[in-house]
Amino acid sequence: MTRRSVIRGTGHYLPERIVENSWFEGQLDTTDEWIRSRTGIERRHFAAEGQNTSHLAIRAARAALDRAGLTAADIDGIVLATSTPDFTFPAVATMVQAGLGMSRGFAYDVQAVCAGFVFALANADAMIQARQADRILVIGAETFSRIMDWTDRGTCVLFGDGAGAVILEAQEGAGTSDDRGILSSDLNSDGTYRDLLYVDGGVSSTGTAGQLRMQGNLVFRHAVEKLAKTAHTALDKAGLTGADVEWLVPHQANMRIITATAQRMQLPMEKVVLTVADHGNTSAASIPLALSVADGEGRFKPGQLIVTEAIGGGLSWGSVVLRW
């Protein structure tokens with residue numbers, strides 16, 4: 001028998017404020033048609049004044065607990081992915097822990113930008129396999145609207161705020177690729193590409209939060225190549241191929257990257273979960289958001305094979321293969 005990390009429940013939360021593309025027409029030299037044609041994004045959500053990343057994460061965590069029929073007392077730990085924490089420290093995860101009324105277990109943050117949730121999921125899976133925990137709440141939460149340069153039409157139209165969560169639970173499997181749960185993961189980073197996507201501020205450099213900077217064309221080329229490769233690597237580790245994949249749940253960066261990656265994986269778009277039109281790029285929150293939306297719609301069936309993959313600043317990228 002093999003210990004597996006099975007998704008027990010999902011949940012998400014989006015701030016109430018919805019920002020349509022038309023809003024940017026009054027702020028920048030851009031149009032709704034320009035944004036849609038280049039990104040596939042139609043709208044996104046922005047956090048309200050005083051609404052922090054931890055607030056979104058707590059709402060998503062509660063939604064996941066409710067859907068799973070569990071309480072905070074059933075959770076052994078929290079691993080939270082974010083690049084937009086409330087404070088330099090403590091970790092957002094500890095604020096979620098307090099917000100849920102948890103007084104035991106562990107809680108810490110993971111920072112791998114848009115790939116953060118994939119890294120957090122792989123990390124939580126390793127802890128479950130090592131018997132450090134039986135149930136872990138894995139969250140991706142972001143308030144990227146707080147680090148936008150509102151004069152840069154190439155970046156500020158892309159991002160939104162939100163949070164998604166999944167509950168991983170230890171279950172016994174037979175040790176084959178037919179098991180439910182996480183079957184494999186593949187994590188990568190290459191710091192030589194730092195200048196392609198970064199925030200120009202920080203505690204030890206400028207003492208400010210800074211604003212997001214991106215070389216979009218170069219990020220696109222790296223994303224398509226690296227996302228398809230990491231997905232195939234993770235499938236190989238599990239002894240599976242692209243033909244076995246029922247669903248691709250990609251990082252919702254933009255439609256061009258998602259479409260190109262699906263083509264490289266030889267997957268029809270009918271097998272791709274898409275939320276980018278309504279949410280924009282929510283960085284580490286995008287995959288758990290998409291998982292929760294699709295789960296809530298009943299699209300995933302027990303036993304179906306799902307691949308998640310993401311790339312973000314660092315550059316950092318990776319994938320997780322799991323069976324629902």
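Which residues have the most contacts inside the largest nonpolar core? In this predicted model, that core comprises 44 residues, and F24 and V321 are those with the most contacts inside it. At least two of its residues are supplied by each of α6 (216-237), α7 (255-264), β12 (305-312) and β13 (316-323). The largest share, 7 residues, is contributed by α6. In soluble globular proteins, nonpolar side chains tend to be buried together.

The surroundings of F24 were examined with its neighbours within four places in sequence set aside. On this basis, F24 is in contact with V19, T30, I35, R44, F46, W150, C156 and V157. A second core, separate from that described above, contains 34 residues, including A81, L121, I136 and I287.

Strands β12 and β13 also take part in an open sheet of 4 strands, arranged in the order β8-β13-β12-β11 with mixed pairing. The edges are occupied by β8 (181-189) and β11 (247-250); each of these has a single partner strand, so one side of each lacks a neighbour in the sheet. On average, and with direction ignored, neighbouring strands of the sheet are turned by 15° against each other.

Pairing between β12 and β13 is antiparallel and extends over 8 bridges. T308 is positioned opposite V320 of β13. The sheet is further packed against by helix α5 (residues 116-129), which touches β8, β12 and β13. The direction of α5 makes an angle of about 125° with that of β8.

Key:
Residues are numbered from 1 along each chain as its sequence is written. This is a predicted model: local features need pLDDT of at least 70, side-chain atom pairs count only at pLDDT 80 or more; totals for chains, interfaces and linings use all residues. Side-chain values use heavy atoms; hydrogens and water are left out. A nonpolar core is a set of buried Ala, Val, Leu, Ile, Met, Phe, Trp, Tyr and Cys residues joined through side-chain atoms within 4.5 Å. Buried means under 20% relative accessible area, exposed over 50%, partly exposed in between (1.4 Å probe, protein chains only). Contact means heavy atoms within 4.5 Å. Two strands pair if DSSP finds at least two bridges between them. Axes are lines fitted to C-alpha atoms, for helices over the stretch in contact, and angles run from 0 to 180 degrees between N-to-C directions.
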